[in-house]
Amino acid sequence: MVERTHPYSEIWDALNTVMDPEIPNVSLVEMGIIDEVRVEGVTVHVVMIPTFSGCPALDVMRDDVENTIMSLGFHAEVSIARKPWSTDRISESARNKMKTIGLAPPKQHGGNVEWELFSPVPCPWCTSENTTIENQFGPTLCRAMYYCNECQQPFEQFKPL
Amino acid sequence: MTASETAALKTMLFALADDEFIIGHRMSEWTGLGPIIEEDIAFSSMAQDEMGHALGLYSLLHQMGEDEPDTLAFLRPADAFRNSICVELSRGDYAFSLMRQLLYDGAEAERFEALTQSSFPDLANLAAKIVQEERYHWIHNTMLVQRLAKGTEESRIRMQSALSELFPYSLGLFEPFGGNDLLVAANIAPDENTLRQRWLNRMCPLLISYGLAVPAHQKGDNWTGDVEAVFGGRNGRHTEHLMNILDAIQLLRKADPKAAW
């Protein structure tokens, strides 16, 4: 084992290259899915928080995280925390990246989701708030489907949670 | 937690996990068959959510010494299942499935909101997660039931007949189970009768506001059902509908226990 001076930042940097399987330009770190990284000897413990409890991408993410840790020469111990994830954990950088792929990011709600559920969702393409919800549910558990009446484009929203 | 509290908690967790698993499967039967594509997607997504909740609850049981979640779901016989009869009934027409989902999700909302206060932290955390996701089911179901109940004559009749048929079964979601009093005393879980009362008070005025007739009456602040609840599921007494589901779900795992998919 090579002596490492800053194992934590090295590990976080590496994890920041593991992308969300359903949002290809956003990493698990930016999504707030990686909750904790702890190094004990040659083992790295990573705690992940699933976004939606039925999310089928969780196993893929878990494998990706394990492989990334192992590629750095560590043993990987990945566990799933039961605490609820919230869209408030998504970083500002990730929110901006979501817009570039036509995905409206959830606003920071500070726990007041009820209000957020009924406020207008700006179009990620043209920023107009003249949008209509087409379906509370979408192609993945985390998304709803909208239509922009201004630029006449359909788009998806990452649901506030 | 004492040994008898643990046993009571497991009894409750099996009931809740099996409810989620079975209704999740019933909802998934609409995948590809929804009356419109939006509802096809909505039912498929809600099914996936309920399966996720089942997995969380089975995982909690596994953590408490029971078998792996897949073993619990795929290898138990029907009489070991503790789901309510309400969730196992055939999907019926779309009105029936939608009405059942509204009644069930109302019960789920009351139940898991209460469980966020559980003195058992793992259960409280899981409950908080479930409550987050159920908000979307509630919005979807109330919106659709309201529109159909107030829609055409045919849609109104279908929603009403679904409600009339389902109401006694939905009261059975609160079937008493052994040890509930111990869980209440230890602040681990709420009292089933209290939950049923909250659920009645939530659902009856809402359904009446949609123009539907509810077999219940109001006395003071509280609503009381006028029909007998259908019990049995929490004691492992099921209908042929559950056997049909398990035949379908368990076929592959039983034929090839090592199959991966």
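**Note on chain B and its contact with chain A**

1. Burial. Chain B has 261 residues, and 55% of them count as buried. Buried here means under 20% relative accessible area. Keep in mind that this is a predicted model.

2. Secondary structure. Chain B holds 10 helices and two strands. The order along the sequence is α-α-α-α-α-α-α-α-α-β-β-α. In that pattern the two β elements stand side by side, and an α element follows them at the end.

3. Overall form. The radius of gyration of chain B is 18 Å. That agrees with a compact globule, because a globule of 261 residues would come out near 18 Å. Along the principal axes, the C-alpha atoms take up a box of roughly 50 × 45 × 30 Å.

4. Contacts within the chain. Take the contacts in chain B with a separation of 6 or more. Of these, 78% join residues 24 or more positions apart.

5. Surface and charge. Chain B exposes an accessible surface of about 10600 Å². Carbon and sulfur atoms supply 54% of that surface. The chain carries 22 positive and 37 negative charges. The mean positions of the two sets lie 1 Å apart.

6. The partner. Chain B meets chain A through 25 residues, and chain A also brings 25 residues to the contact. About 2200 Å² is buried between the two chains. Carbon and sulfur atoms give 60% of this buried area. On the chain B side, Lys129(B), Arg135(B) and Tyr136(B) lose the most area to chain A. Together these three make up 31% of what that side buries.

Terms used. Residues are numbered from 1 along each chain as its sequence is written. Chains are lettered from A and ligands numbered from 1 in the order in which they are written. This is a predicted model: local features need pLDDT of at least 70, side-chain atom pairs count only at pLDDT 80 or more; totals for chains, interfaces and linings use all residues. Side-chain values use heavy atoms; hydrogens and water are left out. Helices (H or I, at least four residues) and strands (E, at least two) are DSSP runs, numbered from the N terminus. The radius of gyration is taken over C-alpha atoms; the globule rule is 2.2 Å times the number of residues to the power 0.38. Buried means under 20% relative accessible area, exposed over 50%, partly exposed in between (1.4 Å probe, protein chains only). Contact means heavy atoms within 4.5 Å. Accessible areas come from the Shrake-Rupley method with a 1.4 Å probe; for residues, only the protein chains shown count as cover. Lys and Arg count as positive and Asp and Glu as negative; His and the chain ends are not counted. The place of a charge is taken as NZ of Lys, CZ of Arg, CG of Asp or CD of Glu. Buried area is the accessible area (1.4 Å probe) that two parts lose on being put together, summed over both.
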